[in-house]
Amino acid sequence: MSRTTRADSRAGLGATIGEDAVRIVEVGPRDGLQNERVFVSTATKINFVAALAESGLRDIEVSSFVHPQAVPQLRDAEDVFNGISRLPGVRYSALVPNMHGLERALACELDEIAVFTGSTDSFVGKNIRMTVAESLERFAPVLPAALAAGLTVRGYVSTAFGCPYEGEVSPEQGIRVAEALLAMGCREISIGDTIGVATPGAVLRWLDAAEGRLPFDRLAMHFHDTRGVALANVMTAISRGLRVFDSCAGGLGGCPYAPGASGNLATEDLVYALHGSGMQTGVDLDKIVRASRMIAVELDHGLPGRYFQAARVNAALELIKPH
Ligand code: HMG
Ligand code: MG
């Protein structure tokens with residue numbers, strides 16, 4: 001593995017995605033770990049990121065530059081970034097909530113930051129202690145400073161399908177926030193189903209409402225698999241032309257400020273379903289399983305990803321190739 005400069009590793013990052021290709025944004029090291037009680041050692045996090053990059057994933061959210069007391073698990077963000085060997089063509093990113101976070105990020109080597117807000121004031125208030133409108137004001141100086149430093153910026157709109165505090169959320173609430181983030185200079189917006197309540201019907205309704213207002217080729221979707229329909233939601237979004245999805249190796253995940261938010265859609269399940277449907281991801285499924293296993297040994301519980309579990313059972317039978 002070679003160490004490269006930020007500019008070298010960026011070559012090819014803007015490549016267009018073909019009709020039958022999906023780009024997976026691996027959020028395991030960040031969203032996957034942020035809610036874990038047991039502190040995963042910095043060395044394991046570094047090895048996890050390396051294993052994910054080796055599997056062919058080209059977008060990896062490594063950590064968060066947030067308040068260490070808000071998310072103690074990610075308090076070693078600087079050490080993780082300083083420890084990783086960068087693979088060319090991989091975009092390494094981190095969450096940044098404010099200028100303080102950006103300053104910390106700029107002291108490290110990374111390609112992208114992600115600013116994060118939501119559709120509802122209650123969730124955003126608990127998560128980052130401000131309203132949605134205040135969060136956009138807080139990001140206003142962050143975007144130009146990040147762009148001037150040569151980084152790209154991703155935006156998250158959480159609670160797009162439902163809020164743990166306010167219940168049902170109309171598509172309009174999230175669409176307006178996504179429009180604002182795009183206008184501020186975000187490269188891509190990830191629409192978050194933070195508590196895993198979306199269904200294929202809700203995804204269609206959301207995208208119907210967004211059509212003509214948000215460019216679908218700059219939208220990603222981020223599903224938590226709380227109710228077992230994350231994969232159905234992805235396939236529905238694909239039918240409407242979306243090609244970028246967030247997922248977590250092994251189905252790790254959850255948000256400490258969203259009660260009941262369980263694991264994200266597992267990367268293995270996503271890759272298995274996509275490959276079996278004739279779509280390309282550039283990801284080696286067996287290598288993702290190996291990366292998940294590396295994390296699983298440090299946690300105090302098993303991983304929920306279905307392919308990951310089946311791979312364990314079927315390894316001896318050699319039945320784990322997608323078909
Ligand atoms: P605050 O208390 O309002 O911050 O927290 P503040 O600006 O008033 O500053 C208070 C103190 O925090 C000061 O220190 C600052 O320096 C310090 P003091 O002067 O008292 O010693 N501070 C910081 N320290 C380190 N890094 C920083 C930073 N900023 C201020 N960046 C804040 C506001 C946003 C900082 C806090 O609430 C926070 O860090 N929240 C992060 C919560 C989080 O990470 N949640 C999980 C991610 S979101 C998610 O999971 C959803 C997603 O996956 C999509 C989906 O599923 O929908 C993305
Ligand atoms: Mg999430």
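## Exercises on a predicted model

In strand E3, the bridge partner of Ile60 is Tyr92, and the exercises below start from this pair in what is a predicted model.

**Exercise 1.** Determine which strands the bridges around Ile60 and Tyr92 join, and in which closed arrangement these strands take part.

*Solution.* Begin with the pairing itself: strand E2 covers residues 59-64 and strand E3 covers residues 91-95, and five bridges join the two, which run parallel. Next, follow the order of strands outward from this pair, which gives a closed barrel of eight strands with parallel pairing, running E1-E2-E3-E4-E5-E8-E9-E10. Along this barrel, the twist from one strand to the next averages 25 degrees.

**Exercise 2.** Find the salt-bridge partner of Asp59 and explain why the pair ties together parts that are apart in sequence.

*Solution.* A search of the whole structure yields 20 salt bridges. One of them joins Asp59 to Arg23, with the closest N and O atoms 3.1 Å apart, which is within the 4 Å cut-off for such a contact. Because Asp59 belongs to strand E2 and Arg23 to strand E1 (residues 23-26), the pair ties together parts that are 36 residues apart in sequence.

**Exercise 3.** Identify the residues of the positive surface patch and the element that contributes the largest share.

*Solution.* The patch is formed by Lys287, Arg290, Arg293 and Arg312. Helix H13 (residues 285-296) supplies the largest share, three residues, and Arg290 is located in this helix.

Technical notes
Residues are numbered from 1 along each chain as its sequence is written. Chains are lettered from A and ligands numbered from 1 in the order in which they are written. This is a predicted model: local features need pLDDT of at least 70, side-chain atom pairs count only at pLDDT 80 or more; totals for chains, interfaces and linings use all residues. Side-chain values use heavy atoms; hydrogens and water are left out. Two strands pair if DSSP finds at least two bridges between them. Helices (H or I, at least four residues) and strands (E, at least two) are DSSP runs, numbered from the N terminus. Axes are lines fitted to C-alpha atoms, for helices over the stretch in contact, and angles run from 0 to 180 degrees between N-to-C directions. Patches are made of residues with over 30% relative accessible area and no salt bridge: like charges are joined within 9 Å, nonpolar side chains (Val, Leu, Ile, Met, Phe, Trp, Tyr) within 5 Å. Accessible areas come from the Shrake-Rupley method with a 1.4 Å probe; for residues, only the protein chains shown count as cover. A salt bridge is a side-chain nitrogen of Lys or Arg within 4 Å of a carboxyl oxygen of Asp or Glu. Lys and Arg count as positive and Asp and Glu as negative; His and the chain ends are not counted. The place of a charge is taken as NZ of Lys, CZ of Arg, CG of Asp or CD of Glu.
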